[in-house]
Amino acid sequence: MLNEPKTILLTGGTEGIGLALFKQLHRLGHSLIVVARNQERLLSLQSTYTRVSTHRCDLSSRVELESLCNKISLNHPDLSIIINNAGIQYTPTFLDDDFLFDSIEHETRVNFLAPAWLSCLLLPTLIENKKTTAIINISSGLIFAPKTNSAIYCATKAAIHSFSQSLRYQLEQTNIQVIEAIMPLVDTAMTAGRGAGKISPESAAQQIINGINQKSAEIYVGKTRFLPALMRILPSLVKRIMRHY
Ligand SMILES: NC(=O)c1ccc[n+]([C@@H]2O[C@H](COP(=O)([O-])OP(=O)(O)OC[C@H]3O[C@@H](n4cnc5c(N)ncnc54)[C@H](OP(=O)(O)O)[C@@H]3O)[C@@H](O)[C@H]2O)c1
């Protein structure tokens, strides 16, 4: 799929795993449409690289997202791949003083609704493209067993996993592949100051790209490849480990 130049929509391509994906995909000759909120970071990509168009959009806003999709379908009919990478994680538990009621909706909008909205609104553009196209969703090893804090985050990633499977069934007679990349702990702003044994964003991005090239429907990055078997053999051990992640 990545062996010839493609136009790729990448959400959250300004930082962390998204930025590493951006750099590696760009090096492979692809054109990228990058979406995020921070205008400075977007402008920096725009001024440093060719074959890049950047769009400032808060993906938690349905109005902004709809306007973004209108622009993309109009200006990028060659869109081939959507990578739903942008994500946020709030760590307070429901009992903590700093838990914000509004965070429940915000986290759900960014992590789950935005990928579903983007997939739905850009589906006609991908189908019109006629070539092999793909929707790639970034999930987490936490889909197998959630951790104690970040309850909404874990639920949104489990929802992305379920959504990716159903959408794959729905689109199996079309030119669109639905791919899910299941991530381990990666050393980014999201995990700053916590967690051990993190892999680099560059290694995470490389493994995602390898998985796409190998036509995997589910790409298990790093240690997550052990999780399906471990969940069958030792589910209580996995749950015990994951609850403290
Ligand atoms: N890091 C890990 O250990 C890990 C593990 C499992 C899964 N993942 C998943 O991997 C993906 C990338 O994570 P990361 O660690 O690379 O995160 P990150 O370093 O915090 O970067 C997040 C990116 O998403 C963008 N973003 C956040 N909120 C947005 C919004 N409302 N609208 C538009 N863009 C928004 C950010 O740009 P702006 O702030 O400019 O908007 C930034 O580019 C996420 O889906 C995450 O859940 C990460």
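## Helices H1 and H6

In this predicted model, helices H1 and H6 are oblique to each other, because their axes cross at roughly 60°, an angle that is neither under 35 degrees nor within 65 to 115. H1 covers residues 16-27, and H6 covers residues 201-213. The two axes come within 8 Å, and the crossing is right-handed.

On the H1 side, the contact is made by Gly 16, Ile 17, Leu 19, Ala 20, Leu 21 and Gln 24. H6 contributes Pro 201, Glu 202, Ala 204, Ala 205, Gln 206, Ile 208 and Ile 209. By class, the residues of this contact are nine nonpolar, three polar and one charged.

## The ligand shell

Helix H1 also takes part in the surroundings of the ligand. Its three residues are the largest share of the shell. E2 and E5, like H1, each supply at least two residues of that shell.

In total, 30 residues surround the ligand. Gly 12, Gly 16, Arg 37, Asn 38 and Gly 87 are the closest. Gly 16 is also one of the H1 residues in the contact with H6. The shell divides into 14 nonpolar, twelve polar and four charged residues.

## The sheet

The strands form an open sheet of seven, with parallel pairing, in the order E3-E2-E1-E4-E5-E6-E7. The edges are taken by strand E3 (52-56) and strand E7 (218-220). Each of these has a single partner strand, so one side of each is left without a neighbour in the sheet. From one strand to the next, the twist averages 15°.

Within the sheet, strand E4 (residues 79-84) pairs with strand E5 (residues 133-140) in the parallel sense, over four bridges. One residue pair can be named here: Ile 82 has Ile 135 of E5 as its bridge partner.

## Helices across the strands

Helix H2, residues 39-48, lies across strand E2 (31-36) and E3. The angle between H2 and E3 is about 170°. H2 therefore lies across an edge strand, E3.

Helix H5, residues 151-170, lies across E5 and strand E6 (176-183). H5 runs at about 155° to E5, the strand that pairs with E4.

## Helices H4 and H5

H5 also packs against helix H4, which spans residues 101-129. Their axes come within 9 Å and cross at roughly 15°, so the two helices are roughly parallel to each other. H4 passes H5 in a right-handed crossing.

The H4 side of the contact consists of Ile 104, Glu 107, Thr 108, Asn 111, Phe 112, Pro 115, Ala 116 and Ser 119. From H5 come Ile 152, Tyr 153, Thr 156, Lys 157, Ala 159, Ile 160, Phe 163 and Leu 167. Ten of the residues in the contact of H4 with H5 are nonpolar, four are polar and two are charged.

## Helices H3 and H4

H4 has a further contact, with helix H3 (residues 62-75). The axes of H3 and H4 come within 10 Å and cross at roughly 25°. This pair is therefore roughly parallel as well, and H3 passes H4 in a right-handed crossing.

H3 contributes Arg 62, Leu 65, Glu 66, Cys 69, Ile 72 and Ser 73 to this contact. The H4 residues are Ala 114, Trp 117, Leu 118, Leu 121, Leu 122 and Thr 125. By class, the contact of H3 with H4 has eight nonpolar, two polar and two charged residues.

How values were computed. Residues numbered from 1 in each chain as written. Predicted model: local features only at pLDDT ≥ 70, side-chain atom pairs only at ≥ 80, totals over all residues. Pairing = 2+ DSSP bridges. Axes fitted to C-alpha atoms, helices over the stretch in contact; angles between N-to-C directions. Contact = placed C-beta atoms within 7 Å. Near = placed C-beta within 6 Å. Nonpolar A, V, L, I, M, F, W, Y, C, P; charged D, E, K, R; others polar. Parallel < 35°, antiparallel > 145°, perpendicular 65-115°, else oblique. Left-handed = near helix turned anticlockwise from the far one by under 90°.
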